[in-house]
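Subject: Structure for your review

Dear colleague,

Please find below the structure that I am handing over to you. My findings follow directly after it, and I would ask you to read them with the structure open.

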Amino acid sequence: LYVYFGNCSTNTAFITITVIMSIMITLAQLSGEEGSLLASATITAYATMLCYSAVTKNDNSTCNPSLGEDDVLGIVIGVGLAIITLGYAAWSATADEKLSS
């Protein structure tokens, strides 16, 4: 993202915040007793997709080299990640109830 959309300070700020928060989420996830990379990986993938979506919606042509192009792949990936993330959250919530009793 830095290579294609790092020409503007707003895009750089969005990308940097996403990277920092992804690292913080991963560290928080691994610091617990039941540390797992699956949850933080799905959250990081979804956050990166949201960041990509945000920087590609910039209407300034110097900040967004892909301005005017259709982004069908981005929509498909976004919907897929949303389904995977929501499915994992639902499975995780029900598995905790069934496994703990």
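The side chain of threonine 56 comes within 3.1 Å of the backbone oxygen of serine 53. Please note that the model is a predicted one. Threonine 56 belongs to helix 3, which covers residues 37–56. With a relative accessible area of 13%, threonine 56 is buried, because the limit for that class is under 20%. If neighbours within four places in sequence are left aside, the residues in contact with threonine 56 are Phe5, Asn64 and Ser66.

A further residue of helix 3 is serine 40. Is serine 40 buried or exposed? Its relative accessible area is 2%, so serine 40 counts as buried. Not counting residues up to four places away in sequence, serine 40 touches Ile25, Thr26 and Gln29.

I turn next to the aromatic rings. A pair of such rings is described by two values, the distance of the centres and the angle of the planes. How many aromatic pairs does a search of the whole structure find? The search finds two.

One pair is formed by phenylalanine 5 and tyrosine 52, whose ring centres are 6.1 Å apart and whose planes stand at 75°. This pair is edge-to-face, because planes over 60 degrees apart are placed in that class. The pair links distant parts of the chain: phenylalanine 5 is in helix 1 (residues 2–5) and tyrosine 52 is in helix 3, 47 residues apart. Phenylalanine 5 has a relative accessibility of 5% and is therefore buried, whereas tyrosine 52, at 25%, is partly exposed.

The other pair consists of tyrosine 88 and tryptophan 91, with ring centres 6.2 Å apart and planes at 35°. An angle of 35° makes this pair tilted, because stacked planes must be under 30 degrees apart and edge-to-face planes over 60. Both residues lie in helix 4, and since they are three residues apart there, about one helical turn separates them. Tyrosine 88 is partly exposed at 24% relative accessibility, while tryptophan 91 is exposed at 55%.

Finally, a word on confidence. The mean pLDDT of the protein chain is 82, and 93% of its residues reach 70 or more. Confidence is highest in helix 2 (residues 9–31), at a mean of 91, and lowest in helix 4 (residues 72–100), at 77.

Yours sincerely,
A colleague

Technical notes
Residues numbered from 1 in each chain as written. Predicted model: local features only at pLDDT ≥ 70, side-chain atom pairs only at ≥ 80, totals over all residues. Heavy atoms only, no water. Helix = DSSP H or I, 4+ residues; strand = E, 2+ residues; numbered from the N terminus. Buried < 20%, exposed > 50% of the residue type's maximum accessible area, 1.4 Å probe, protein only. Polar contact = N/O pair within 3.5 Å; in protein donor to acceptor, adjacent residues only side chain to side chain. Contact = heavy atoms within 4.5 Å. pLDDT = per-residue confidence, 0-100. Phe/Tyr/Trp six-rings, centres within 6.5 Å; stacked < 30°, edge-to-face > 60°.
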